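Colleague: I'm new to this one. Could you walk me through it?

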Amino acid sequence: MLSEAAEGADAPESPSYEREEEEEEEEGEEEEEEEGETTSPTDLSELLKEGTKEAHDRAENTQFVKDFLKGRIKRELFKLGTVALYFTYSALEEEMEHNKDQPSFTPLYFPSELHRKEALARDLEYLYGEGWEEKIQCSEATQHYVDRIHHVGQHEPELLVAHAYTRYMGDLSGGQVLKKVAQRALKLPSTGEGINFYTFENVSNPQQFKQFYRARLNALEVSKETKERIVKEANKAFEFNMQVFEELDKIGALLTEEAQDGGLPAHDGKGDMRKCPYYATKLGRSQASPLFLISSVLRLTVLFFLFSFSGGPKDPACPCHLALAALKQPTIQLVLAACIAVTAGIAAWYVM
């Protein structure tokens with residue numbers, strides 16, 4: 001059961017969409033068709049659908065999403081994406097809890113059916129292991145998203161529905177496709193570890209639930225002006241998501257190889273490696289290894305001399321030429337020989 005903390009004895013009972021759906025089913029398919037025909041262009045669900053179509057298409061066509069759908073997702077990127085989702089949903093569900101009694105949001109408060117924070121926590125424990133809370137950090141793009149959610153929840157709660165709609169409806173739709181892709185591409189267990197986020201244990205029929213959720217949206221008593229603001233905010237939510245995707249793309253460019261046996265993937269030399277959350281975390285955990293420190297000193301020494309004796313990065317796009325030119329210097333050859341001898345001696349002592 002998700003969000004048990006939000007469903008304590010003092011909390012109001014979550015609306016049961018299943019009970020209402022059963023009542024609707026008894027009225028027959030004919031009435032369901034009539035309900036479909038009564039949809040108005042001025043309904044909030046229709047305004048959101050049409051008003052965010054362009055942003056939705058752009059989000060689907062970001063490089064990160066396209067690669068993900070093709071199964072080209074690195075495990076470290078998947079982990080960082082899960083971290084971003086954890087911070088996003090923590091903020092969203094915190095503000096939803098604070099505003100659950102607001103008339104503009106109460107009809108859309110479904111903690112047991114929709115809340116994702118607990119599921120994401122289980123995923124992070126599987127992906128990062130024990131003590132995962134200390135191993136993750138909120139990225140810059142995610143923090144902007146989180147800050148906006150908190151601002152809306154605290155100052156414009158009538159717009160909170162825009163963020164809930166954008167996230168949860170997407171999770172119940174395309175998210176189910178990503179679940180299968182991730183499971184295959186990353187060889188995740190068939191029992192669901194690592195992809196609990198995509199599993200809605202208390203939603204037996206996602207399609208029916210989405211229809212029910214849209215009906216609740218349309219029943220909200222909000223003005224035309226507020227509806228327009230909600231659509232505008234939903235477009236902002238898509239933009240925040242795209243910024244997170246773009247950030248992941250940039251990190252992905254640094255991960256030219258998968259990390260294996262706890263090692264670091266190759267860095268292509270572009271950008272500041274210290275700003276990459278993946279490298280910052282890995283380097284932090286590797287500090288205690290003597291062999292790692294030795295190899296780091298050796299690499300830094302070589303890079304320093306390569307830079308110094310070549311006169312600086314005149315052609316940063318061609319590191320091979322830079323290295324070959326510098327290695328012709330007798331001084332560098334001498335330094336390399338000395339470093340290799342010292343490193344070999346220390347390594348032999350460490351192994352013994």
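Modeller: Sure. One term to begin with: a residue is called buried when its relative accessible area is under 20%. Keep in mind that this is a predicted model.

Colleague: What share of the residues in the protein chain is buried?
Modeller: The protein chain has 352 residues. Applying that cut-off of under 20%, the buried part comes to 41%.

Colleague: And how many helices and strands are there?
Modeller: The strand count is 0. What the secondary structure does have is helices, and they number 17.

Colleague: Which helix gives the largest share of the largest nonpolar core?
Modeller: That core has 69 residues, and F68, F78, Y213 and L217 touch the most other members. The largest share is 11 residues, and they come from residues 75–98, which is helix α6.

Colleague: Which residues does L217 contact, leaving aside neighbours within four places in sequence?
Modeller: L217 is one of the core residues that touch the most other members. With those sequence neighbours set aside, its contacts are L44, S45, L48, L108, V161 and Y165.

Colleague: R116 is buried, so which side chain of opposite charge is nearest, and how far away is it?
Modeller: R116 sits in the loop between α7 and α8. A salt bridge needs the charged atoms within 4 Å, and R116 has none. The nearest side chain of opposite charge is E93, at 5.7 Å.

Colleague: Which backbone oxygens does the side chain of R116 reach, then?
Modeller: One belongs to L114, at 2.9 Å. At 2.6 Å from a polar atom of the R116 side chain there is also the backbone oxygen of F197. That gives L114 and F197.

Key:
Residues are numbered from 1 along each chain as its sequence is written. This is a predicted model: local features need pLDDT of at least 70, side-chain atom pairs count only at pLDDT 80 or more; totals for chains, interfaces and linings use all residues. Side-chain values use heavy atoms; hydrogens and water are left out. Helices (H or I, at least four residues) and strands (E, at least two) are DSSP runs, numbered from the N terminus. Buried means under 20% relative accessible area, exposed over 50%, partly exposed in between (1.4 Å probe, protein chains only). Lys and Arg count as positive and Asp and Glu as negative; His and the chain ends are not counted. A polar contact is a pair of N or O atoms within 3.5 Å; within protein, one must be able to donate a hydrogen and the other to accept it, and residues adjacent in sequence count only if both atoms are side-chain atoms. A nonpolar core is a set of buried Ala, Val, Leu, Ile, Met, Phe, Trp, Tyr and Cys residues joined through side-chain atoms within 4.5 Å. Contact means heavy atoms within 4.5 Å.
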